[in-house]
Amino acid sequence: MSRDERSAPWIADLYDRHGAALYRYAVMLLADPAGAADAVQQVFVAMLSRAAPPASADAYLRRAVRNACYSMLRGQRRRPLVDVAEPFLELVPGQSGAPDERLALEQAIARLSPEQREVVHLHVFEGLTFQEVADLTRESMNTVASRYRYALDKLRAQLGARI
Amino acid sequence: MDDFEKVLQRYRAVGPPDDLRGRIVALTPARPERSLAAWFASAAAGTAAAILYLLAGRIGDQIAQRAGDADRARAAAVIELGDLLGGGEAAHFAADRVVPRPLQGPPLSVDVAPDEGGGGRRD
């Protein structure tokens, strides 16, 4: 009997279905892969107190990861901003890019606010509409749309002709 | 969607490290694994305890029955001897002193002790 079968079976199942997406979301919010792993782990550890998975697991877990990330970011505000230590972007399979393009994009995205990184991730990387992003972040659609526009303006300004 | 957004769409956030799933699953409390032999041992111990409980009950009943019989026989002997000695409290008291008591038996059901002077039956 494997450990998965002996453990709360729904935890492993929940991770298999949502873990990767939650981790990618946390990575973009934090711009920090190690911190993202901590946030996701923290959310799943909190789930252990439950007898069964939540009814709307996807929405519940997204909210939980979001809360965990913003909580971590509030704690980091007292510390000086550091350079990106680990890469947090990768090419989508089948796509190609210039060798230093990823690094430049990564550095520019890291300089966005967490809220701007969040809307870029949800809208560009996950393909959510502004309304869906607004529902998830509990902001108005206008706020989300303008946040996205400012984020892209900032990225363009930083990257200039590099991309 | 402009060209810059198309460039962005070629990328995505990195996926989780391989060990993250293992770390999360390892944190879940595992139910203790019991072998078949352990289940048989537990079942055998339970059965043995039940048998011992039943046997102890039967033996206890037999002891109680025997003690009750001996007590009743002694009470009859005390009354009979007391009557032979002339009856009365002093005769029954003397008879109670003379007739041997059963080993670890309960007190006599017939009260033959004097009411005055002793404060109760003396054993």
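**Exercise 1.** State which residues of α4(A) are buried and which face of the helix they occupy.

*Solution.* Step 1: Leu61(A), Arg62(A), Val65(A), Arg66(A), Ala68(A) and Cys69(A) of α4(A) are buried (20 or more other C-beta atoms, placed from the backbone, within 10 Å of the residue's own; exposed means 12 or fewer, partly exposed in between). The model is predicted: local features need pLDDT of at least 70, side-chain atom pairs count only at pLDDT 80 or more, and totals for chains, interfaces and linings use all residues. Residues are numbered from 1 along each chain as its sequence is written, with chains lettered from A and ligands numbered from 1 in the order in which they are written.

Step 2: Viewed down the axis of α4(A), the buried residues fall within an arc of 165° (taken from the directions from the helix axis to the C-beta atoms), so they line one face of the helix.

Step 3: On the other side of α4(A), Ala59(A), Ser71(A), Arg74(A) and Gly75(A) are exposed.

**Exercise 2.** Describe how chain B meets chain A.

*Solution.* Step 1: Contact (C-beta atoms, placed from the backbone, within 7 Å) links 23 residues of chain B with 38 residues of chain A.

Step 2: α1 (3–8), β1 (11–13) and α2 (19–27) of chain B each supply at least two residues of the side touching chain A; helices are DSSP runs of H or I of at least four residues and strands runs of E of at least two, numbered from the N terminus. The largest share, six residues, comes from α2(B).

Step 3: Strand β1 (residues 89–91) of chain A pairs with β1(B) in the antiparallel sense over three bridges (pairing requires at least two bridges found by DSSP). Tyr11(B) is the bridge partner of Leu91(A).

Notes: Two residues are in contact if their C-beta atoms, placed from the backbone, lie within 7 Å.
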